[in-house]
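Subject: Structure handover

Hello,

I am passing on the structure we spoke about, with notes on what turned up in it. Please look at the sequence and the coordinates first, then read on.

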Amino acid sequence: MAQQDRSFVGEGIIYARAYQSNDALIDIGNCDVFSLAFQTERATLRNFRGGGGNRNVREQVTDVTATIGMYDITAVNLARVTRASVKDVLAGEVTAEVLTCKGIEGELIPFKNLPDLSAPVTLVTAADEALAAGTDYLLTPHGIIVIGSGLITDEGIKATYTKQATSVIHMLAGSQVELELYIAGLNDAQSGEPWALRPRRVKFGLISELPVFGTEYLKLEASAELLADPLVTATDISKFCEMHMVKKAA
């Protein structure tokens with residue numbers, strides 16, 4: 001029987017949901033890496049009967065881990081790898097928001113929310129004296145920058161504006177989450193032949209760095225631990241992960 005070409009170049013889409021939930025499996029975005037790793041602990045019994053070598057060996061799995069690389073920087077993905085909580089801010093009008101400042105030229109005075117610059121922005125002094133754009137300040141997507149020797153002083157200002165809908169990621173204010181993953185894969189070396197990988201219970205680790213400045217596309221590269229799923233009780237089914245591959249006839 002001739003040997004078939006079964007070379008493999010994997011790509012696909014990773015879906016996730018909370019472990020042990022009936023939530024929908026949701027696409028987590030563009031990922032260039034998902035790799036599994038297995039660590040073992042090896043114990044040997046030397047052969048003392050002559051000739052050297054070992055009489056027996058025992059190798060036990062100690063860790064089942066994964067590495068993932070995510071290019072879609074969503075609030076949910078960030079939270080998963082920075083152990084964060086996420087609070088959603090609804091769009092709406094903010095009236096007379098009190099902001100402290102020094103009134104120094106070039107000073108940035110950020111608003112408490114990201115402003116919608118397509119809507120009117122009104123600024124006044126602490127004494128309700130109107131401030132003028134281009135004379136007292138420059139409007140930016142984050143707030144204002146003080147210019148000249150205008151009316152902005154260390155007594156502060158009040159801002160009325162429309163806030164954008166945002167997600168606020170509070171890093172290290174949450175806890176590790178356990179996920180169920182489904183990887184809908186295609187084998188690019190076999191004309192897009194489908195395959196699937198199902199890690200049953202995955203706990204994401206903390207990202208080692210978050211390079212928010214750079215010249216390359218930001219990638220969230222994090223480790224994860226595949227834990228034994230206690231819901232799997234059958235002895236012939238993996239508690240960790242299963243892979244589905246098309247079986248080709250000879």
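**Strands, sheets and single residues**

Strand E6 and strand E11 (residues 157-163) run antiparallel and are joined by six bridges. Within this pair, Leu 99 has Ile 157 of E11 opposite to it. Before going further, please keep in mind that this is a predicted model.

The two strands belong to an open sheet of three strands, in the order E6-E11-E8 and with antiparallel pairing. E6 and E8 are at the edges with a single partner strand each, so one side of each has no neighbour in the sheet. From one strand to the next, the twist averages 15 degrees.

E6 covers residues 92-99, and Ala 96 is found in it. Ala 96 is not a glycine, yet its phi is positive, at about 55 degrees. Most residues other than glycine have a negative phi. The relative accessible area of Ala 96 is 38%, which makes this residue partly exposed.

Asp 128 is another non-glycine residue with a positive phi, here about 65 degrees. Asp 128 is found in the loop that runs between strand E8 (122-125) and strand E9 (137-139). Is Asp 128 buried or exposed? With a relative accessible area of 52%, Asp 128 is exposed.

**The sheet with E7, E10 and E9**

E9 takes part in an open sheet of three strands with the order E7-E10-E9, where the pairing is antiparallel. Strand E7 (108-110) and E9 are the edge strands, and each of them pairs on one side only. The twist in this sheet averages 25 degrees from one strand to the next.

Three bridges hold the antiparallel pair of E7 and strand E10 (residues 143-146). Ile 109 has Ile 144 in E10 as its bridge partner.

The loop between E9 and E10 contains Thr 140. Thr 140 is buried, and its relative accessible area is 14%. Which residues is Thr 140 in contact with, leaving aside its neighbours within four places in sequence? They are Leu 108, Pro 115, Leu 117 and Ile 145.

**Strand E16 and its partners**

E16 has two faces that differ in cover. Leu 220, Ala 222, Ala 224 and Leu 226 make up the covered face, while Glu 221, Ser 223 and Glu 225 are on the uncovered one.

Strand E4 (residues 54-70) pairs with E16 in the antiparallel sense, over six bridges. In that pairing, Gly 69 has Glu 221 of E16 as its bridge partner. Strand E15 (residues 202-204) also runs antiparallel to E16, and three bridges join them. Here the bridge partner of Phe 204 is Ala 224 in E16.

**Val 81 in helix H1**

Helix H1 spans residues 75-82 and includes Val 81. Val 81 is buried, with 1% relative accessible area. Not counting residues up to four places away in sequence, Val 81 touches Met 70, Phe 204, Gly 205, Leu 206, Ile 207, Leu 220 and Ala 222. Two of these names appeared above: Leu 220 and Ala 222 are on the covered face of E16.

How far apart are Val 81 and Asn 22 in space, C-alpha to C-alpha? The distance is 23 Å, with their places 59 residues apart in sequence.

**Asp 229**

After E16 comes a residue to look at by itself. Asp 229 sits in the loop between strand E16 (220-226) and strand E17 (241-245). Asp 229 is buried, but it has no salt bridge. Where is the nearest side chain of opposite charge? It belongs to Arg 200 and is 5.3 Å away. A salt bridge would need a side-chain nitrogen of Lys or Arg within 4 Å of a carboxyl oxygen, so Arg 200 at 5.3 Å does not form one with Asp 229.

The side chain of Asp 229 does make a polar contact, at 2.5 Å, with the side chain of Tyr 19. Leaving aside neighbours within four places in sequence, the contacts of Asp 229 are Tyr 19, Arg 200, Arg 201 and Lys 239.

Regards

Terms used
Residues are numbered from 1 along each chain as its sequence is written. This is a predicted model: local features need pLDDT of at least 70, side-chain atom pairs count only at pLDDT 80 or more; totals for chains, interfaces and linings use all residues. Side-chain values use heavy atoms; hydrogens and water are left out. Helices (H or I, at least four residues) and strands (E, at least two) are DSSP runs, numbered from the N terminus. Buried means under 20% relative accessible area, exposed over 50%, partly exposed in between (1.4 Å probe, protein chains only). Two strands pair if DSSP finds at least two bridges between them. Axes are lines fitted to C-alpha atoms, for helices over the stretch in contact, and angles run from 0 to 180 degrees between N-to-C directions. Lys and Arg count as positive and Asp and Glu as negative; His and the chain ends are not counted. A polar contact is a pair of N or O atoms within 3.5 Å; within protein, one must be able to donate a hydrogen and the other to accept it, and residues adjacent in sequence count only if both atoms are side-chain atoms. Contact means heavy atoms within 4.5 Å.
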